[in-house]
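Here is a friendly note for anyone opening this structure for the first time. Have a look around first, and then follow the numbered points below at your own pace.

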Amino acid sequence: MTSSNLNLIFLGPPGAGKGTQAQRVVEKYSIPQISTGDLMRAAVSSGSALGEKLKNYMSAGALVPDELVLDILLERIGHEDCANGFLLDGFPRTVAQAEALETALVERNSPLSGVISIDVPDQVLTSRLTARRICSKCSASYHLEFLKPQKDGICDKCSGELYQRKDDSEEVIKNRLKVYHEQTAPLVDFYQKKKILYPVDGNKKIDMIFQEICDIIDNLNSP
Ligand code: ADP
Ligand code: ADP
Ligand code: ZN
């Protein structure tokens, strides 16, 4: 890897639209989307010993312990498809994770290009999450009102079946938002101090937000 890599982070509360925007960014910029939530849900469904450990944290909307997430993330960004960069969606979520990532990237001589934080008020997040539906095959996310699939219950991209995540229930959402404000929101300050934070208003139309994100990325490439 070189310092001209496009190493991006999407930071934001659950439901901010990180996954939705990430899908569009990976198509346009040809870098892989790495969602620690997706990776860990795959481990849970595989029924592995690791999956069993992760399950209890995730279903309660608590964070998985840093050392477990870090192992998974560092292994993943070592894959060949990350050679020119990557988009992290849902990682880091604690200052300790951010520091460990920084150390790993220094070793690779491939620093972060930018951290795009997507801001959305809590009231909006809850209604987004309760009506979210996810593709069981490709993890694309839909919304019963704002981003309907062409055919009810079926993914537009891969024809996979859509399902509702168990942790997208009101009670667990409440805890996820609390955890976000306590443990993840401090990362806004952390990256602002490093002068690589780019905030975006996430309470707008999906296409408008995507345009703003593309403008930010294009400016990173040609400052
Ligand atoms: P959302 O996209 O709605 O924010 P995610 O799919 O990113 O949700 O995460 C689902 C769950 O997986 C979280 O509630 C948490 O339990 C776990 N998780 C995902 N990423 C991390 C991380 N970086 N650190 C700790 N736990 C994580
Ligand atoms: P995150 O990955 O940050 O948890 P998602 O991308 O899964 O969030 O989006 C959460 C829900 O909100 C999904 O149902 C998605 O279709 C919907 N959504 C995403 N962006 C917007 C937007 N700008 N306006 C309205 N709904 C949105
Ligand atoms: Zn799909």
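1. Let's begin with Pro92, which is found in the loop that runs between β3 (85-89) and α5 (95-107). The peptide bond leading from Phe91 into Pro92 is cis, and its omega is near -5°. Please keep in mind as you look that this is a predicted model.

2. The same two residues turn up again when you look for enclosed space. How many cavities of 30 Å³ or more does a search of the whole structure find? The search finds 1. About 60 Å³ of space lies in the largest cavity. Phe91 and Pro92 are among the residues that line the largest cavity, and the lining also includes Phe10, Leu11, Gly90, Arg93 and Tyr180. The elements that contribute two or more residues to this lining are β1 (6-11) and α7 (170-184). Sorted by class, the lining has 5 nonpolar, 3 polar and 2 charged residues.

3. Gly90, one of the residues lining that cavity, leads us on to Thr36. A polar atom in the side chain of Thr36 lies 3.1 Å from the backbone oxygen of Gly90. Thr36 is found in helix α2. Is Thr36 buried or exposed? Thr36 counts as buried, because its relative accessibility is 3%, and the cut-off for buried is under 20%.

4. Thr36 is also a good doorway to ligand 1. This ligand is surrounded by 18 residues, and the closest are Thr36, Ala62, Gln97, Arg132 and Arg176. Helix α2 (residues 36-46) provides the largest share of the shell, with 4 residues. By class, the shell around ligand 1 is made of 8 nonpolar, 4 polar and 6 charged residues.

5. Several polar atoms of the protein can be picked out beside ligand 1. A nitrogen atom of ligand 1 is 3.0 Å from a backbone N or O atom of Val64. From the side chain of Gln97, an N or O atom lies 2.9 Å from a nitrogen atom of ligand 1. With Arg132, a polar side-chain atom is 2.9 Å from an oxygen atom of the ligand. On its own, ligand 1 has 560 Å² of accessible area, and the protein covers 96% of this.

6. Arg132 deserves a second look, since it is listed among the closest residues to ligand 2 as well. Which residues join it there? They are Gly15, Thr20, Tyr142 and Lys204, and 19 residues surround ligand 2 in total. By class, this shell has 8 nonpolar, 7 polar and 4 charged residues.

7. Oxygen atoms of ligand 2 have polar partners in the protein. A backbone N or O atom of Gly15 lies 2.8 Å from one such oxygen, and a backbone N or O atom of Ala16 lies 3.2 Å from an oxygen of the ligand. For Thr20, the distance from a polar side-chain atom to a ligand oxygen is 2.5 Å. The protein covers 93% of the 560 Å² of accessible area that ligand 2 has on its own. Two or more residues of the shell around ligand 2 come from each of α1 (18-29), β6 (141-143) and α9 (206-221).

8. Next, turn to the second largest pocket, where about 490 Å³ of space lies. It is lined by 18 residues, and those closest to its centre are Arg41, Val44, Tyr163, Arg165 and Lys166. The elements giving two or more residues to the lining are α2, α3 (49-60) and β5 (132-135). Of these, α2 gives the most, with 5 residues. The lining divides into 6 nonpolar, 5 polar and 7 charged residues.

9. Lys166 also offers a useful distance to check. Its C-alpha atom is separated by 10.0 Å from that of Thr130, and the two residues are 36 apart along the chain. Thr130 belongs to helix α6 (residues 122-130). With a relative accessible area of 28%, Thr130 is partly exposed.

10. Finally, two serines have backbone angles to notice. Ser30 has a positive phi of about 55° although it is not a glycine, and its place is in the loop between α1 and β2 (33-35). Ser159, again not a glycine, has a positive phi of about 65° and is found in the loop between β6 and β7 (162-163). Ser30 is exposed, with a relative accessible area of 62%, and Ser159 counts as exposed at 52%.

Notes:
Residues are numbered from 1 along each chain as its sequence is written. Chains are lettered from A and ligands numbered from 1 in the order in which they are written. This is a predicted model: local features need pLDDT of at least 70, side-chain atom pairs count only at pLDDT 80 or more; totals for chains, interfaces and linings use all residues. Side-chain values use heavy atoms; hydrogens and water are left out. A residue is near a molecule or strand if one of its heavy atoms lies within 4 Å of it. A polar contact is a pair of N or O atoms within 3.5 Å; within protein, one must be able to donate a hydrogen and the other to accept it, and residues adjacent in sequence count only if both atoms are side-chain atoms. Accessible areas come from the Shrake-Rupley method with a 1.4 Å probe; for residues, only the protein chains shown count as cover. Ala, Val, Leu, Ile, Met, Phe, Trp, Tyr, Cys and Pro count as nonpolar, Asp, Glu, Lys and Arg as charged, and the others, Gly among them, as polar. On a 1 Å grid over the protein atoms alone, a cavity is a set of points where a 1.4 Å probe fits but cannot get out, and a pocket is an open set with protein on both sides within 12 Å along at least five of seven lines; lining residues have an atom within 4 Å of a point. Grid points are joined across faces, edges and corners, and a volume is the space filled by probe spheres set on the points. Buried means under 20% relative accessible area, exposed over 50%, partly exposed in between (1.4 Å probe, protein chains only).
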